[in-house]
Amino acid sequence: MKKISFIVLLCVALVGCKNDTKQDVNLEENRDKSYDQNDGLIIMKGEFVYYADAAVLQTPREIYGVVIDENMHQLNNKVKEFKKEDTDMVPVTVRVRKFAKAEDEEGWPYRVEIKEILKVEKPQENKDDVIKLGN
């Protein structure tokens, strides 16, 4: 009986001593966190540009007009270091409030208001989707 209890105790001790390592923040976990908070905010990952008093967030599926406010200007300041030209788009991850635009406004059907800046990334250097016209 003592041998069995010793083996069970040893197994419990070995299973309980596993190494937990910290992992980087996972975007999916943050997305779940956003939905769990029930605050109406969602996480969006896309390319951001602010030029000539117009701000745009382009995701792989849709384009959104961005509300121009203090948070948008903070994001613009963070993406400036990655831009070579004023019209360059920079990959970002942000928490936003998404809503339909007013009927009397021009632009895309939905707008987003930036509430939190999660990540700003360096754009890919060898991107082939840009066409430049020269004189």
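Before looking anything up, I note that a residue is called exposed when its relative accessible area is over 50%, and buried when that area is under 20%. I also keep in mind that the model in front of me is predicted.

**Entry on the loop after E1**

I went to the loop between strand E1 and strand E2 (54-58), where I found Ala 52. Its relative accessibility is 62%, so I wrote Ala 52 down as exposed, the cut-off being over 50%. I then looked up the backbone angle of Ala 52 and read a phi near 55 degrees, which is a positive value in a residue other than glycine. I paused over this, as most residues other than glycine have a negative phi.

Asp 53 is also placed in the loop between E1 and E2, and the phi of Asp 53 is near 60 degrees, again positive in a residue that is not glycine. Is Asp 53 buried or exposed? With 63% relative accessibility, Asp 53 counts as exposed.

**Entry on the strands**

I next followed E1, which covers residues 41-51, and saw that it runs antiparallel to strand E4 (residues 90-100), with eight bridges joining the two. For one particular pair, I checked Ile 42 and found that its bridge partner in E4 is Val 96.

How many bridges join E4 to strand E5 (residues 110-120)? I found nine, and these two strands also run antiparallel. Here I picked out Arg 95, which stands opposite Glu 116 in E5. Finally, I copied down a general point for reading such strands: in a regular strand the side chains alternate between the two faces of the sheet.

Definitions and conventions. Residues numbered from 1 in each chain as written. Predicted model: local features only at pLDDT ≥ 70, side-chain atom pairs only at ≥ 80, totals over all residues. Heavy atoms only, no water. Pairing = 2+ DSSP bridges. Helix = DSSP H or I, 4+ residues; strand = E, 2+ residues; numbered from the N terminus. Buried < 20%, exposed > 50% of the residue type's maximum accessible area, 1.4 Å probe, protein only.
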